[in-house]
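Colleague: I'm new to this one and would like a close look at a single part, the surroundings of the ligands. Could you walk me through that part and then place it in the rest of the chain?

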Amino acid sequence: MKPFVKKIFTRRWAVIALTSGLVTAALSLLAGAGGLDLLDPPVRQPVSFDHKKHMETDLTCLNCHGGANKEASTGIPPVRRCIRCHEAEEIENPATEALCVFAEENGDIPWVRVYRVDAHTYFSHRRHVALAKIDCAVCHGDMAIQTRPVTRQAIPITMDGGISCHRKQGVTEDCLSCHR
Ligand code: HEC
Ligand code: HEC
Ligand code: HEC
Ligand code: HEC
């Protein structure tokens with residue numbers, strides 16, 4: 001290779017190396033500074049459920065998530081509970097048809113769970129809702145105004161959040177109270 005060609009080559013490689021380095025740095029900056037979307041995209045839900053419309057009827061949160069008062073887990077209602085209302089003549093809606101198809105074909109709607117803790121962490125809705133009387137919105141944001149299905153945690157579930165709340169309320173911070 002002639003020295004002059006060689007010089008162009010090295011310079012070109014230097015430019016490429018520099019730009020790719022800059023791009024990587026920019027990407028990691030983005031990922032660190034709230035650009036989490038890149039790494040953790042929101043989930044997609046199978047039906048465009050609208051909490052607001054349902055809260056405008058005389059339903060309460062516990063009508064659909066009744067476990068919250070009695071059990072560790074609240075659950076999401078099975079489609080046969082939805083059909084009970086949606087089959088009624090007054091609520092003619094294309095969504096009703098979609099619900100019926102799910103009920104017949106899949107047996108249920110495959111909702112993607114958004115709020116969950118790892119198996120080593122224990123959380124009881126009953127203790128927080130029925131005993132401590134904490135409003136759902138403290139942990140889930142104002143669900144009564146949501147017109148779209150839940151695709152991400154409004155308030156992220158973290159250990160720091162759990163411990164700082166327990167500290168404020170004067171509740172145990174013992175590791176084994178939250179981990180088993
Ligand atoms: C107490 C009766 C009732 C129950 C139970 C019920 N719904 Fe509804 N649903 C309604 C009403 C009322 C509307 C509003 C209809 C309208 O605006 O035309 C609605 C609307 C909808 C819509 C359409 C929203 C839109 O954007 O138009 C979907 C989808 C839906 N419901 C799904 C469900 C699912 C899934 C369940 C079960 C988890 C369920 N519903 C349970 C009464 C009910
Ligand atoms: C102190 C915080 C807190 C409060 C208050 C709370 N939740 Fe939760 N919720 C959580 C956590 C943490 C999870 C994940 C639990 C798990 O993975 O077992 C969760 C999960 C859920 C889920 C997912 C499905 C399931 O079976 O767990 C639903 C639905 C839910 N909560 C509804 C409610 C409703 C309705 C209320 C009020 C009646 C409520 N939550 C009050 C923290 C809370
Ligand atoms: C008509 C039944 C119905 C009512 C009433 C209802 N929900 Fe839901 N909820 C659902 C369905 C269906 C889903 C799954 C679809 C979605 O994410 O919107 C859900 C999802 C959720 C989730 C996310 C669960 C997860 O981890 O994916 C939370 C939190 C929740 N509801 C809280 C509430 C609260 C708080 C109220 C009262 C303000 C309420 N819901 C009222 C049916 C209902
Ligand atoms: C008030 C409840 C609470 C207490 C007390 C608590 N943790 Fe956690 N811990 C959590 C939650 C919530 C998470 C994260 C959510 C999950 O499980 O997905 C977590 C996560 C963790 C993890 C997994 C790594 C991570 O960051 O997700 C470890 C390890 C852990 N905790 C250790 C401990 C130890 C050791 C103690 C005692 C010094 C302790 N925890 C006390 C609630 C608690």
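Modeller: Here is a walk through the ligand surroundings, followed by the rest of the chain.

Keep in mind from the start that this is a predicted model. The chain averages a pLDDT of 81, and 76% of the residues score at least 70. It has 10 helices and 0 strands, so you can find your way by helix number alone, given that helices and strands are numbered from the N terminus.

Let's begin with ligand 2. It has 22 residues around it, and the closest are Ala68, Tyr115, Arg116, Cys136 and Cys139. Three elements give two or more residues to this shell: H3, helix H7 (125–131) and H8. H8 gives the most, with 4 residues. Sorted by class, the shell around ligand 2 comes to 13 nonpolar, 7 polar and 2 charged residues.

Now move to ligand 3. This ligand is surrounded by 22 residues, with Cys61, Cys64, Cys136, Pro149 and Val150 the closest. You'll recognise Cys136, since it is also listed among the closest residues of ligand 2. Helix H2 (51–55), helix H3 (61–64) and helix H8 (136–140) each put at least two residues into the shell around ligand 3. H3 and H8 should ring a bell too, as both give two or more residues to the shell around ligand 2. As for classes, the residues around ligand 3 are 15 nonpolar, 6 polar and 1 charged.

Ligand 4 has 14 residues around it, and Thr121, Met159, Gly162, Cys175 and Cys178 come nearest. Helix H9 (159–169) and helix H10 (175–178) each supply at least two residues here. H9 provides the largest share, 4 residues. The class split around ligand 4 is 6 nonpolar, 6 polar and 2 charged.

While you're looking at H7 and H8, stop at the loop between them, where Lys133 sits. Lys133 isn't a glycine, yet its phi is positive, at about 55°. Is Lys133 buried or exposed? It counts as exposed, because it has 7 C-beta neighbours inside 10 Å, and a residue is exposed if that count is 12 or fewer.

Next, have a look at a pair of helices, H5 (residues 79–86) and H6 (residues 94–105). Their axes come within 10 Å and cross at roughly 145°, and the crossing is left-handed. On the H5 side, the residues that meet H6 are Val79, Arg80, Cys82, Ile83 and His86. Their partners in H6 are Thr96, Leu99, Cys100, Phe102 and Ala103. By class, this contact has 7 nonpolar, 2 polar and 1 charged residues.

Stepping back to the whole chain, 5% of its 180 residues count as buried. Among contacts between residues at least 6 apart in sequence, 62% join residues at least 24 apart.

Finally, two stretches to read with care. Over residues 14–18 the pLDDT stays under 50, and the model has 0 contacts for them beyond four places in sequence. Residues 27–38 also have a pLDDT below 50, and this stretch has 5 contacts in the model beyond near neighbours in sequence.

Notes: Residues numbered from 1 in each chain as written. Chains lettered and ligands numbered in written order. Predicted model: local features only at pLDDT ≥ 70, side-chain atom pairs only at ≥ 80, totals over all residues. Near = placed C-beta within 6 Å. Nonpolar A, V, L, I, M, F, W, Y, C, P; charged D, E, K, R; others polar. pLDDT = per-residue confidence, 0-100. Contact = placed C-beta atoms within 7 Å. Buried ≥ 20, exposed ≤ 12 C-beta atoms within 10 Å, placed from the backbone. Axes fitted to C-alpha atoms, helices over the stretch in contact; angles between N-to-C directions. Left-handed = near helix turned anticlockwise from the far one by under 90°.
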